[in-house]
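Got the viewer open? Let's walk through this one together, one selection at a time.

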Amino acid sequence: MLFRSQQSAAIIHRVLTRISGTAQEKRGFQYFIANTARELMGYYTSSFWEYLILQASVAEPSLQHAVIAIAALHEEFSNRRLGGVSPDHENAKSIFAVNQYMKAISHLRRSLSAGKQAPLTALMSCLLFVCFDYLRGHLDSAMMHLQSGLEILPDLSSRSKEDRDIVEQIMAPLFMRLTVQSILYIDTRNSFDQRRFAKQLMHVRTRAPALIPDAFGDLEEARSALDIATNGLFRVFYICDGK
C-alpha cells in the first residue's frame, strides 16, 4: 500500500509539472487530481482514475480539457452544496466547464479527421464525455458517447497486447458499469434501440472469469461478478424485447 501511494504521488508530481494551459486550466486539473478523481473512484481503487487518465492527459489535449471540464462541474456542485457562492460565480464556472468540454471535442474531431487519433485515446475521451454529460444531466448526449465507446471497444481487440490489456482490465469494466447506470434511460427508448444497445454489449470483453466463484477474494472481485451478472440479464431482457 505504501509503494502504491508513493507511485501515485510520483505520477501526480510529474503530471502537474508538465501540464500546459492557462492558470485556470492548471488549477482545474489540480482540482481533479485532489478531489474529483477520488469521488469518481468511490470506495474502490481504480487504475484509470489514479494513473492512466492522468498520464494520458499530459500528451492528449482532448483528454486534458475533458478532465478539466469534469473538475469544473464537480467544483461548482460542491460549492453550491456548501452554500455561500454567488450565482455569478456559479454561472462563470458552468461556462468554463462547457468551454473546456467543447475544446476537448474539437481536439478529438481534428485528430480523428487527420487520422492521427489512437483508438485507445478516443475510447478514453468517450468515457470522460459520458461522465461530463451525466453530471450536467444531458442524458441523450451521454448515451451517444457511451454507444460510440462501445463501438470502439471491439476494434481494440486486434491492437497491441498493451492496448488489449488496458481495455480488458480497465476500460471494458468501466463501460459495463456505465451501461448499468443507463438502464433507466434505455427503458424509455423503442425496442429497436434497446436491442441494438444490448447487442453492442455482447462484444465487450473483460478479464473477469466467466463463471461466478463460490467465494470472492476481495470486494473488487465481488463487484466485477455483479457487473457481469447485471449486464447479462440486461442483454437477455432487451434482446428478447422484454417478453
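Start by selecting helix 7 (residues 139-152) and helix 8 (residues 161-181), which pack at an angle of about 145 degrees with their axes 11 Å apart. Keep in mind as you look that this is a predicted model. Turn the view until you can see one helix pass over the other: helix 7 passes helix 8 in a left-handed crossing. Now show side chains where the two meet. On the helix 7 side, pick Leu146, Gly149 and Leu150, and on the helix 8 side, pick Phe175, Leu178 and Thr179. Colour that contact by residue class and you get 4 nonpolar, 2 polar and no charged residues.

Zoom out for a moment. The chain has 11 helices and 0 strands, so a cartoon view reads α-α-α-α-α-α-α-α-α-α-α from the N terminus on. Of the 243 residues in the chain, buried ones make up 43%. If you count contacts between residues at least 6 apart in sequence, 75% of them join residues at least 24 apart.

Next, another helix pair. Select helix 3 (residues 47-59) along with helix 6; they pack at an angle of about 115 degrees, and their axes are 12 Å apart. The crossing of helix 3 past helix 6 is left-handed. Bring up Phe48, Trp49, Leu52, Ile53 and Ala56 from helix 3, then Met124, Leu127, Leu128 and Cys131 from helix 6, and you have the residues that make the contact. What classes do the residues in the contact of helix 3 with helix 6 fall into? There are 9 nonpolar, no polar and no charged residues.

While Phe48 and Trp49 are still on screen, add Phe32: these three form one aromatic cluster.

Stay with aromatics. A search of the whole structure finds 4 aromatic pairs. For one pair, select Tyr101 and Phe129: the ring centres are 5.7 Å apart and the planes sit at 85 degrees, so this pair is edge-to-face. Tyr101 is in helix 5 (residues 87-113) and Phe129 is in helix 6 (residues 119-135), so to speak a link between distant parts of the chain, 28 residues apart. Switch on a surface and check the two: Tyr101 is buried at 4% relative accessible area, and Phe129 is buried at 2%.

Keep Tyr101 selected and add Phe132. How are the rings of Tyr101 and Phe132 arranged, stacked or edge-to-face? They are stacked, at 4.4 Å centre to centre with 15 degrees between the planes. Since Tyr101 lies in helix 5 and Phe132 in helix 6, the pair ties together parts that are 31 residues apart in sequence. Tyr101 and Phe132 are both buried.

One more partner for Tyr101: select Arg136. The charged end of Arg136 sits over the Tyr101 ring, 4.8 Å from the ring centre.

Now look at Gln100, which is also found in helix 5. Is Gln100 buried or exposed? With a relative accessibility of 2%, Gln100 counts as buried. Show what surrounds Gln100: leaving aside neighbours within four places in sequence, Gln100 is in contact with Glu25, His65, Ile68 and Ala69.

Follow one of those contacts to Ile68, found in helix 4 (residues 61-82). Ile68 counts as buried, at 1% relative accessibility. Which residues does Ile68 touch, not counting those up to four places away in sequence? Select Glu25, Gly28, Phe29, Phe96 and Gln100 to see them. Try a distance label from Ile68 to Phe29: the C-alpha atoms are 5.2 Å apart in space, with the two positions 39 residues apart in sequence numbering.

Last stop: Ser62, which lies in helix 4. Ser62 is buried, with a relative accessible area of 1%. Apart from neighbours within four places in sequence, Ser62 is in contact with Ala104, His107, Leu108, Thr121 and Ser125. Put a final distance label between Ser62 and Ser111: they are 49 residues apart in sequence and 9.2 Å apart in space, C-alpha to C-alpha.

How values were computed: Residues numbered from 1 in each chain as written. Predicted model: local features only at pLDDT ≥ 70, side-chain atom pairs only at ≥ 80, totals over all residues. Heavy atoms only, no water. Phe/Tyr/Trp six-rings, centres within 6.5 Å; stacked < 30°, edge-to-face > 60°. Helix = DSSP H or I, 4+ residues; strand = E, 2+ residues; numbered from the N terminus. Buried < 20%, exposed > 50% of the residue type's maximum accessible area, 1.4 Å probe, protein only. Lys NZ or Arg CZ within 6 Å of the ring centre and 35° of its normal. Axes fitted to C-alpha atoms, helices over the stretch in contact; angles between N-to-C directions. Left-handed = near helix turned anticlockwise from the far one by under 90°. Contact = heavy atoms within 4.5 Å. Nonpolar A, V, L, I, M, F, W, Y, C, P; charged D, E, K, R; others polar.
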